[in-house]
Each structure stands twice: as C-alpha cells, then as structure tokens.
Amino acid sequence: MDCLFCKIIAGEIPSTKVYEDEMVYAFRDIAPTAPEHVVIVPKKHITSANDITEENIKYVTAIWAAVPKIAKDLGIAENGYRVVNNCGKDGGQTVGHLHFHLMGGREFGWPAG
Ligand code: AMP
Ligand code: ZN
C-alpha cells in the first residue's frame with residue numbers, strides 16, 4: 001500500500017522515533033507547530049477516524065495508553081498538552097493513515113481554527 005506512515009512504520013522512510021510498542025509508533029512531526037510535536041500512529045493501516053471499528057479500536061486504546069507516557073518523556077505532562085485527530089477534508093487530514101498529534105511546550109488557543 002502506498003501510504004507514507006506505513007512506510008515510516010516499516011522504516012522505509014526515516015523518522016525520529018519517540019515511542020514504540022507492539023501496536024503503536026510515535027515520531028517527531030517533520031513540520032512541528034509547537035516546541036514538542038509528535039505524531040502517534042497505529043502500526044496497522046487505518047485510513048481515518050471514520051474507519052475505527054470494534055475490531056481495530058484496540059489500536060486507538062493503545063495510542064491513548066501511550067499518550068501520558070510520551071507526554072511524561074517529553075516533559076510536557078505537568079503543564080499539559082493537546083491531542084488532535086484531523087479527519088477527512090474538513091478536518092484537515094493530509095495523510096490517509098489514522099494519526100494523533102501530541103503537541104505541547106506552549107499554550108494553545110480554543111476554539112481550534
Ligand atoms: P494531518 O495534516 O493531520 O494529516 O497530519 C499529518 C502530519 O504529518 C503533518 O503535521 C505533517 O507535518 C506530518 N508529516 C508529513 N510527512 C512527514 C514525515 N515524513 N515525517 C514526519 N512527519 C510528517
Ligand atoms: Zn498506512
């Protein structure tokens with residue numbers, strides 16, 4: 001499958017790994033929008049949030065289990081952080097492999113733009 005994040009998971013495209021387990025891979029965003037900006041992906045190809053099912057939701061659970069660990073490692077747990085999933089065109093999704101942005105190191109505005 002011609003998927004950028006599947007290639008990153010496979011090591012075919014280089015990335016700066018910050019976390020990995022059986023189901024999850026997390027790496028530094030190539031164009032960070034915060035002092036700490038990590039992309040967290042399931043190791044199984046799931047195209048978007050629209051494709052989360054009862055069967056594959058364990059990957060999403062694993063991602064959220066990793067979030068506080070990664071935040072702690074990055075030193076942003078105490079001050080807080082933001083986790084974002086962009087889904088589809090209106091959500092601003094540019095890579096068709098489910099992912100969550102973990103961002104911290106600055107304050108974020110709300111509502112999102
Ligand atoms: P989204 O716009 O929500 O689909 O997020 C995709 C993210 O992937 C963007 O923040 C990009 O900067 C990031 N990205 C794209 N290519 C790479 C890459 N090769 N390595 C790391 N991050 C990437
Ligand atoms: Zn993929």
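**Exercise 1. Place His 37 in the fold and decide whether it is buried or exposed.**

Step 1. Strand E3, which covers residues 36-42, contains His 37. The model is a predicted one.

Step 2. The relative accessible area of His 37 is 5%. The cut-off for buried is under 20%. His 37 is therefore buried.

Step 3. Now look at what lies across from this residue in space. Between His 37 and Gly 104 there are 6.6 Å from C-alpha to C-alpha, although the two are 67 residues apart in sequence.

**Exercise 2. Find where Asn 56 sits, whether it is buried or exposed, and which residue's backbone oxygen lies 3.0 Å from its side chain.**

Step 1. Asn 56 belongs to the loop that runs between E3 and helix H2 (57-74).

Step 2. Its relative accessibility is 7%, so Asn 56 counts as buried.

Step 3. A polar atom of the Asn 56 side chain lies 3.0 Å from the backbone oxygen of Asp 51.

**Exercise 3. Describe the surroundings of ligand 1: which residues come nearest, and which elements supply the shell?**

Step 1. Around ligand 1 there are 15 residues, of which Asp 29, Asn 86, Thr 94, His 99 and His 101 come nearest.

Step 2. Sort the shell by class: seven residues are nonpolar, six are polar and two are charged.

Step 3. Turn to the elements. At least two residues of the shell come from each of helix H1 (4-10) and strand E2 (24-28). The most is given by H1, with three residues.

Step 4. The largest pocket is the space that ligand 1 takes.

**Exercise 4. List polar contacts of ligand 1 and state how much of the ligand the protein buries.**

Step 1. Start with the backbone. A nitrogen atom of ligand 1 is 3.1 Å from a backbone N or O atom of Ile 30. A polar backbone atom of Thr 94 lies 2.6 Å from an oxygen atom of the ligand.

Step 2. Go on to the side chains. An N or O atom in the side chain of His 99 is 2.9 Å from an oxygen atom of ligand 1.

Step 3. Ligand 1 exposes 510 Å² when taken alone, and 83% of that is buried by the protein.

**Exercise 5. Which residues does a cis peptide bond join, and where in the chain is Pro 111?**

Step 1. The cis peptide bond is between Trp 110 and Pro 111, with omega at about 5°.

Step 2. Pro 111 lies in the segment that follows strand E5 (100-104).

Definitions and conventions:
Residues are numbered from 1 along each chain as its sequence is written. Chains are lettered from A and ligands numbered from 1 in the order in which they are written. This is a predicted model: local features need pLDDT of at least 70, side-chain atom pairs count only at pLDDT 80 or more; totals for chains, interfaces and linings use all residues. Side-chain values use heavy atoms; hydrogens and water are left out. A residue is near a molecule or strand if one of its heavy atoms lies within 4 Å of it. A polar contact is a pair of N or O atoms within 3.5 Å; within protein, one must be able to donate a hydrogen and the other to accept it, and residues adjacent in sequence count only if both atoms are side-chain atoms. Accessible areas come from the Shrake-Rupley method with a 1.4 Å probe; for residues, only the protein chains shown count as cover. On a 1 Å grid over the protein atoms alone, a cavity is a set of points where a 1.4 Å probe fits but cannot get out, and a pocket is an open set with protein on both sides within 12 Å along at least five of seven lines; lining residues have an atom within 4 Å of a point. A molecule sits in a cavity or pocket if more than half of its atoms lie within 2 Å of its grid points. Helices (H or I, at least four residues) and strands (E, at least two) are DSSP runs, numbered from the N terminus. Ala, Val, Leu, Ile, Met, Phe, Trp, Tyr, Cys and Pro count as nonpolar, Asp, Glu, Lys and Arg as charged, and the others, Gly among them, as polar. Buried means under 20% relative accessible area, exposed over 50%, partly exposed in between (1.4 Å probe, protein chains only).
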